[in-house]
Amino acid sequence: MPLDDLVLGVQRLVDRLIRRLRLGPAPAGAGRRRLLIVQIDGLSRDVLERALAQGRMPFLRRLLERGGWRLSPMFVGLPSSTPAFQMAAMYGVRPDIPGFHYHDKRRREDVYFPRAGDAARVEAEQTAGRRGILEGGASYGCVFTGGAVANLFTFAMLKRPSGSGLLVALSALTVLAWVVVKSTVLTVMELVRAVARLLADPVTEWRHGWKWLAIKLGLSVWVRQLFTLVVSRDLYAGVPAIYVNYLDYDVLSHAYGPRHVRALRSLRRLDSSLQQLWRVCRRVPEHGYDLYVLSDHGQAHCTQFASLAGGRRIERVVFEDFLPASGTRAVSPERPAGRQRLASGIKAFRTGRSPGYFQRFFNYIEDGFPWVLGELKEARERDNVRVIAAGPNAFVYFVDDAAPLPIERIETRWPGLAEALSRHPGVGYVFVRGADGPVCFARGKRYHLSAADPGPFTERPDAALVVSAVGDLMAMPSAGDFVIYGTDAGPGHVSYVAETGAHAGPSPEELHAFVVAPPGVRLPEPLNHPTQLYPHFARYREPAA
Ligand SMILES: [Zn+2]
């Protein structure tokens, strides 16, 4: 694409100009290695390996085949989700973060990561004063700061004091101006292509194409360009530690499934961002950047629970079918399902009542990646029972007791409830705390999980790791008294929210991620928990020997 080449060429000129202009003293800490972590959110090792084999990530493949980079498998534990992973990797703590949305019985309130303040409070409380791997550095697109002084959401990097204030300001302006120019060009190109597709196949494109286009333009063009360029700027400035999380694969995979061509194509765009960052690293060899590429979890293709329950969400099914009584109170009003909203969105658009492009964009990605939007998902509570759907996982809390309840206590009140839930076609596992370790209900059968007897996971080569991950999860005080998973349900994996790709659960696709490390770097082996990354990355903060 000649326009792409032109844009990239001009961008290289700007890069060089900024480099020449960097007249101030060399950044502090010369002689030490610096850290650059690129996270590909939601990419399992399996999908990565296929993408490499299919030539979808030619740059990363070249690093691995000829550059001496090494790919290490990593087991991420439960829940397989970004906040739990980043807390463990950035601070080395075993977090009390059982899902993306959960309830804190002691406080009597939900924790929902998209909501303003929740992530900051969890970070302040659970790190217990430990130093994060990004102290004095920058984080982009992450849930937690890791101690970074700059991140996208505060835009603190635009005002970050440093040795050459004028240059920093100039460079920040250059970057932002450039993001606008470049993303506008790419957006126009995508819109032209979209119109061409619309003319070729108006019905299909109109119904399915524009949601994807909105995600692609919003995240895969604008946000990716912004991240790539602010990180480039930080690399020139010698920021000691940078963590950038590219979200587009995860969002597209939630929307279409982890192996859908639209999700896979985003990997090529990501690969070119990776190459850009690597080029900048090579232009400033004196800064000694080590580039790591990793993922925080994978995704599993899933069926939506509502399609197995007559259109009802699991919160309703638990109350109506398993705890029947009248007077169910919705904590937040029922939101129409994605397809209905798609239809009503199109209707509003056709009748001229459209709330605007960005509003629709946000409405439609909220099911796939709701924390971007700051909206609380539905939870229901009745008679001191609270049910929260968080993905392929749902939690049941008996909220009249502030402590987690073991199965023995629950059974005195609700005999047979866990067995009955586990027989529902939309349920794979129900995990509960037992007197001596986690108890698992699957297809109506009860298993006491142990390394020696992994119950329903016996056939899996990673059975021992899965059992220890379930143990970690049920040791979290904030995990539900029941933790329900749609993983391995009757019709395949099931999610309790509107999505086609899901994660947080124990399927191999979700649990097996990866780290790509530069030549000469030795990672701990085997990587069986993201806490193992912490001491490795924390060493970059220590003064050079
Ligand atoms: Zn996700």
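A residue counts as buried when its relative accessible area is under 20%. Keep that cut-off handy for this tour of a predicted model.

**Stop 1: the zinc ion.** Select H503 to start: its relative accessibility is 10%, so H503 counts as buried. Now add the zinc ion, and you'll see H503 bound to it through NE2. The other donors are NE2 of H254 and two OD entries from D250, with the distances running from 2.1 to 2.8 Å. H254 is buried too, at 6% relative accessibility.

What do the angles between the donors look like? The 4 donor atoms subtend 51 to 143° around the zinc ion, so the arrangement is irregular. Along the sequence, the donor residues follow the spacing D-x3-H-x248-H. The two histidines bring distant parts of the chain together: H254 belongs to helix α8 (residues 248-256), while H503 lies in the loop between β20 (501-502) and α16 (508-511), 249 residues apart.

**Stop 2: a charge over a ring.** Next, pick Y256 and R262. The charged end of R262 sits over the Y256 ring, 5.3 Å from the ring centre.

**Stop 3: aromatic pairs.** The model has 15 aromatic pairs. For one of them, show F59 and W278: the ring centres are 5.3 Å apart and the planes meet at 55°, so this pair is tilted. This pair also links distant parts of the chain, with F59 in helix α3 (residues 58-66) and W278 in helix α9 (residues 261-283), 219 residues apart. Buried or exposed? F59 is buried at 2% relative accessibility, and W278 is buried at 19%.

**Last stop: a cluster.** Finally, select F100, Y102, F113 and F144, which form one aromatic cluster.

Conventions:
Residues are numbered from 1 along each chain as its sequence is written. This is a predicted model: local features need pLDDT of at least 70, side-chain atom pairs count only at pLDDT 80 or more; totals for chains, interfaces and linings use all residues. Side-chain values use heavy atoms; hydrogens and water are left out. Rings of Phe, Tyr and Trp (its six-membered ring) pair if their centres lie within 6.5 Å; planes under 30 degrees apart count as stacked, over 60 as edge-to-face and the rest as tilted. Helices (H or I, at least four residues) and strands (E, at least two) are DSSP runs, numbered from the N terminus. Buried means under 20% relative accessible area, exposed over 50%, partly exposed in between (1.4 Å probe, protein chains only). A charge sits over a ring if NZ of Lys or CZ of Arg is within 6 Å of the ring centre and within 35 degrees of the ring normal. Donors are N, O and S atoms within 2.8 Å of the metal (3.2 Å for Na, K and Ca); water is not among the atoms, so sites may look incomplete. Four donors count as tetrahedral if all angles lie between 85 and 135 degrees; four count as square planar and six as octahedral if opposite donors are over 155 degrees apart and all others between 65 and 115; anything else is irregular.
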